[in-house]
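Ready for a few exercises at the bench or the screen? Open the structure, try each task, and then follow the solution step by step.

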Amino acid sequence: MPRTTRGPLRDDGCQVGQDVDAPDLAGCSYGDVDGDHELVLVGDSIAGSVFPAVEEAADRHGWRVRAWAKSSCTVADVTTHVKGSDQVWTACSRWRERVLAEIERRRPDLVVLAGSSGTFGLTMSPHGRVLGDGRERDQLVREGLLRTVERLRDGGTRVALVQSPHRARRLVPDCLAAEGDPAACSFTPRDETRHTDWVARQLPDLPYLRVADAACPGGRCRAVVGDTIVYRDKLHFTTRFARTLVPLVERAVAS
């Protein structure tokens, strides 16, 4: 599968699958590997989606990057279930804890956290009950995400948060091929940003990378911006569009 379709972190084995509970803590190094400053990118597949922007921004400033991603595994400090089942997803919890413990040990200059609303939706109650959409799950997600941010900041590490992107109704490349008109494949955003927006409001000094707003200017999510296709599926950015987000990351690096 082409690199732009799978995403660079999956191609390199740095975005792992459902059953993997141990990240490659010694590898997955990018940017200026001999740089004096280090950025760590952590999250689910959205981390892989924004990675091209993170890598380029870090490289411009002479920073090295560690990138650890696990598909569908939330960065929020919550209990989750395996997608499509009611089983507690212990591999996700172990993977997340190992990453966070390694960050606390390394104390990088900046950590960038990324997650999707779909991943947040796998949150269970503390007693292992699968939750539907609603206030209880929203509260657990928001508080769990806030705990992750504050845990890292309390350890002396700067943290930036990626705004969760909006999900298209159709596979955008297929829509463009069928319709031949980018406007027909644009869509009105729903509320996928509500959890990350909430955390950003609680911590006004937290660098917040508003990638969803960049893809959805004026309240309308675009299939194409300029001559660049925005999404490689329904949710994840193309590598080319992700690179247009470099200025957002650079501001966090330079702050």
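**Exercise 1.** Which residue meets the side chain of Asp138 in a salt bridge?

*Solution.* Keep in mind that this is a predicted model.
- Step 1: look for a side-chain nitrogen of Lys or Arg within 4 Å of a carboxyl oxygen of Asp138. Arg194 fits, with 3.2 Å from N to O.
- Step 2: place the two partners. Asp138 sits in helix H6 and Arg194 in helix H8 (residues 194-202), so the salt bridge ties together parts that are 56 residues apart in sequence.
- Step 3: check the surroundings. Asp138 has a relative accessible area of 14%, so this residue counts as buried.

**Exercise 2.** Find the salt bridge between Arg151 and Glu104, and work out which helices it ties together.

*Solution.*
- Step 1: the N to O distance between these side chains is 2.8 Å.
- Step 2: Arg151 belongs to helix H6 (residues 135-154) and Glu104 to helix H4 (residues 90-106), so this pair connects parts 47 residues apart in sequence.
- Step 3: Arg151 is partly exposed at 26% relative accessibility, and Glu104 is partly exposed at 35%.

**Exercise 3.** Is Glu192 buried or exposed, and how far from Arg190 are its closest salt-bridge atoms?

*Solution.*
- Step 1: the closest N and O atoms of Glu192 and Arg190 are 3.9 Å apart. The cut-off is 4 Å, so the pair counts as a salt bridge.
- Step 2: Glu192 is buried, with a relative accessible area of 6%, whereas Arg190 is partly exposed at 46%.
- Step 3: for the wider picture, the structure holds 23 salt bridges. Glu38, Arg64, Arg66, Glu102, Arg105 and Arg106 are linked in a network of them.

**Exercise 4.** How many disulfides does the whole structure contain, and in what order do the bonded cysteines pair?

*Solution.*
- Step 1: a search finds four disulfides. With the bonded cysteines numbered in sequence order, the pairing is 1-2, 3-4, 5-6, 7-8.
- Step 2: take Cys73 and Cys92, whose sulfur atoms are 2.1 Å apart. The torsion about their S-S bond is about 90°, so this disulfide is right-handed.
- Step 3: Cys73 lies in the loop between strand E4 (63-70) and H4, and Cys92 in helix H4, so the link ties together parts 19 residues apart in sequence. Cys73 is buried at 0% relative accessibility, and Cys92 is buried at 0%.
- Step 4: now turn to Cys14 and Cys28, with sulfur atoms 2.1 Å apart. Their link is left-handed, with -100° about the S-S bond.

Technical notes. Residues are numbered from 1 along each chain as its sequence is written. This is a predicted model: local features need pLDDT of at least 70, side-chain atom pairs count only at pLDDT 80 or more; totals for chains, interfaces and linings use all residues. Side-chain values use heavy atoms; hydrogens and water are left out. Helices (H or I, at least four residues) and strands (E, at least two) are DSSP runs, numbered from the N terminus. Buried means under 20% relative accessible area, exposed over 50%, partly exposed in between (1.4 Å probe, protein chains only). A disulfide is a pair of cysteine sulfur atoms within 2.5 Å.
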